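Here is a friendly walk through one small set of structural details, meant to be read with the model open beside you. Have a look at the display below, and then we will go through it together.

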Amino acid sequence: MDMDKTQKIKNPIRFKTIPKVCSWYKKMYELNLWEVDGDKRTGVSHGMCPECHKKHVAQYKADVEASGEKKGASED
Ligand SMILES: [Zn+2]
């Protein structure tokens, strides 16, 4: 058995707390634990806060309905 390749695992992954910022309003809305490679510098993570997500989904649904919803929705 040659394990030399798998023995090399030296896991440098750490967890850091990274603020998640909403891309829409640049509002910090959450702190997340992220896996970070070693001591790699980190910044903030961008996402969509639940508030914007709600608005966005509502807008998206309205758009889909307005466009006639040609492709049958598989989910309801
Ligand atoms: Zn937001």
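## The end of helix 2

Let us begin with a glycine. G68 comes just after helix 2 and takes a positive phi of about 100 degrees. Please keep in mind that this is a predicted model.

Helix 2 itself covers residues 50-66, which makes 17 residues. From its first C-alpha to its last, helix 2 reaches 24 Å, close to the 24 Å expected at 1.5 Å a residue. Is this helix well covered or hardly covered? Helix 2 is hardly covered, as the count of buried residues among its 17 residues is zero. As background for reading any such helix, an α-helix has 3.6 residues a turn, so residues three or four places apart point the same way.

## The overall layout

Stepping back, the protein has two helices and three strands. Followed from the N terminus on, the elements run α-β-β-β-α.

How much of the protein is made up of buried residues? The share is 0% of the 76 residues. As for contacts with a separation of 6 or more, 42% of them in the protein come from residues 24 or more positions apart.

## The sheet

The three strands form an open sheet in the order 2-1-3, with mixed pairing. Its edge strands are strand 2 (28-37) and strand 3 (45-47), each of which pairs on one side only. On average, and with direction ignored, neighbouring strands of this sheet are turned by 35 degrees against each other. Like helix 2, strand 2 can be checked for cover: strand 2 is hardly covered, with a count of zero buried residues among its ten residues.

It helps to recall that strands of a sheet pair through backbone hydrogen bonds, either parallel or antiparallel. Which sense applies to strand 1 and strand 2? Strand 1 and strand 2 pair in the antiparallel sense, over nine bridges. Two places let you follow this pairing: R14 has V36 in strand 2 as its bridge partner, and V21 stands opposite M28 in strand 2. The hairpin of these two strands has five residues between the strands, and there K26 takes a positive phi near 55 degrees.

On the other pairing, strand 1 (residues 13-22) and strand 3 run in the parallel sense over three bridges. V21 appears here too, with H46 in strand 3 as its bridge partner. C22 has G47 as its bridge partner in strand 3.

## A closer look at K20

K20 has its place in strand 1. Why does K20 count as partly exposed? The reason is its 18 C-beta neighbours inside 10 Å, whereas a buried residue would need 20 or more.

Leaving aside neighbours within four places in sequence, K20 is in contact with Y29, E30, N32, V44, S45 and G47. For a longer step along the chain, look at C49, which is 29 residues from K20. The C-alpha atoms of K20 and C49 are separated by 8.5 Å.

How values were computed
Residues are numbered from 1 along each chain as its sequence is written. This is a predicted model: local features need pLDDT of at least 70, side-chain atom pairs count only at pLDDT 80 or more; totals for chains, interfaces and linings use all residues. Two strands pair if DSSP finds at least two bridges between them. Helices (H or I, at least four residues) and strands (E, at least two) are DSSP runs, numbered from the N terminus. Axes are lines fitted to C-alpha atoms, for helices over the stretch in contact, and angles run from 0 to 180 degrees between N-to-C directions. A residue is buried if 20 or more other C-beta atoms lie within 10 Å of its own, exposed if 12 or fewer, and partly exposed in between; C-beta atoms are placed from the backbone. Two residues are in contact if their C-beta atoms, placed from the backbone, lie within 7 Å. The expected span of a helix is 1.5 Å times one less than its number of residues.
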